[in-house]
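The following note sets out several points for a colleague examining this structure. Each point may be checked against the sequence and the coordinates shown here.

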Amino acid sequence: ERLRRVWILAIDAYTAARSPFHRVEAGVSYADASEECRIMDKDGILGAHKLNIAIWGGFLIFSFLVYMLVSNGDFSFLLTYGALMRTFSFFLLIVRMVMSKSCRGISVKSLEAYAVVFVFRLLSIVRHEGYLPWDKSGDWFYHVVEISSMGLVSLSLYLTLVRFRNTYDAQTDTFGNLHVPDHLGVVWLLGPPLVLALLLHPNLNSEFFSDVCWTFAMYLESIAIFPQLYQFQRQAAQKNFEVEILHAHFVSALGLARIIEMIFWSSSFRELSHSSNSTWVGIFVLVAQIVHILIMLDFFYYYFNALKSGTPMRLPQHTAGAGMV
């Protein structure tokens, strides 16, 4: 209703400006329309703040309940909390797609990379305990969280490739489209982490296969978000491009999850290095997580600016060959 009034006021003000006769008949001015627009814009900002508070406030309350119910207060709960935030991020992505009935702007390649991450991490933690949280959440809840993430990523891929396939923007999801079919661009992400995991991995499980699986998942997760950020860069060149709020929350939650996990693994540096008799292993595990955070620094900057102002998230335009990340 308010939008209709603004439209009418704007038309009347435009008409009034064209001739004195119409100005008297309409009885409105540009100031009237501007004031109405200002009120509507203020309401929109307040509404955005309330939505953001509801999303993150709800997650924090749920996290606190989880902490009280399945943790005995050990520092290692940070590992569970990071995994929980990652699950929350994919839940937001699915809500975003279902509500908008669209997968526009979502990178299939990033989703595929995360699917590989969860498969290999589960191969490691289901049969062994070396990389599990030490508190009660590591008994069963951490497994449930990781399995839930795998399920949500699979559902996201289904929605993107099947249910809402006609809205998928393949023209901007072009990361890795070099000498391989478009839908296989993710293979460029898989090779380097796998080779590195084979050469440098902890031995907390005391089994080569499961240790390599966990390390490969850790290294791959550090760059899995890259195709999504690259797609944002491509879209930023389009006029009036904005990152939808739930989409922005999804990406930022993945980054925050990595920060939380890095805090835990930083405190476990000695265990990582001692298990493999090499400090380089501990260093590479931490560097992999730092790389993830560095990749997302620009995104975090624009994301928190958007949260602070209550306005849609907009990314800077770059010329061809430049990158946001």
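**Notes on charge pairs, surface and backbone**

1. R86 has a relative accessible area of 0% and is therefore buried. The model is a predicted one, and the points below should be read with that in mind.

2. The side chain of R86 forms a salt bridge with that of E221, at 2.9 Å from N to O. Because R86 belongs to helix α4 (residues 77-100) and E221 to helix α8 (residues 208-223), this pair ties together parts that lie 135 residues apart in sequence. In general, side chains of opposite charge can pair when their charged atoms come close.

3. E221 has a relative accessibility of 2% and so counts as buried, the cut-off being under 20%. The carboxylate partner of R86 is thus a buried residue, as is R86 itself.

4. E221 also forms a salt bridge with R121, and here the closest N and O atoms are 2.6 Å apart. This pair again links distant parts of the chain, with E221 in helix α8 and R121 in helix α5 (residues 108-125), 100 residues apart. Both E221 and R121 are buried.

5. A further salt bridge joins the side chains of R258 and E221, at 2.9 Å from N to O. R258 lies in helix α10 (residues 245-267) and E221 in helix α8, so that distant parts of the chain, 37 residues apart, are linked by this pair. R258 has 0% relative accessibility and therefore counts as buried.

6. Which residues are linked with E221 in a network of salt bridges? The network comprises R86, R121, E146, E221, R258 and E261. For the structure as a whole, the search finds ten salt bridges.

7. A second buried position is worth recording, this one with a nonpolar side chain. L229 is found in helix α9 (residues 226-236). Its relative accessibility is 0%, so L229 counts as buried. The C-alpha atom of L229 is separated by 8.1 Å from that of M296, although the two residues are 67 apart along the chain.

8. On the surface, a nonpolar patch is formed by I61, F64, L65, Y67, M68 and L69. Together these residues have about 650 Å² of accessible area. One of them, Y67, has its place in helix α3 (residues 30-70). Is Y67 buried, partly exposed or exposed? With a relative accessible area of 32%, Y67 is partly exposed, because this value falls between the cut-offs of 20% and 50%.

9. The backbone at S206 deserves inspection. S206 is not a glycine, yet its phi is positive, at about 55 degrees. S206 lies in the loop between α7 (187-199) and α8. At 67% relative accessibility, S206 is above the 50% cut-off and therefore counts as exposed.

10. N277 should be inspected in the same review. The phi of N277 is near 60 degrees, which is a positive value in a residue other than glycine. N277 is placed in the loop between α11 (269-276) and α12 (279-295). With a relative accessibility of 70%, N277 counts as exposed.

11. In summary, R86, R121 and R258 each form a salt bridge with E221, whereas S206 and N277 are exposed loop residues with positive phi values.

Definitions and conventions. Residues are numbered from 1 along each chain as its sequence is written. This is a predicted model: local features need pLDDT of at least 70, side-chain atom pairs count only at pLDDT 80 or more; totals for chains, interfaces and linings use all residues. Side-chain values use heavy atoms; hydrogens and water are left out. Helices (H or I, at least four residues) and strands (E, at least two) are DSSP runs, numbered from the N terminus. Buried means under 20% relative accessible area, exposed over 50%, partly exposed in between (1.4 Å probe, protein chains only). Patches are made of residues with over 30% relative accessible area and no salt bridge: like charges are joined within 9 Å, nonpolar side chains (Val, Leu, Ile, Met, Phe, Trp, Tyr) within 5 Å. Accessible areas come from the Shrake-Rupley method with a 1.4 Å probe; for residues, only the protein chains shown count as cover. A salt bridge is a side-chain nitrogen of Lys or Arg within 4 Å of a carboxyl oxygen of Asp or Glu.
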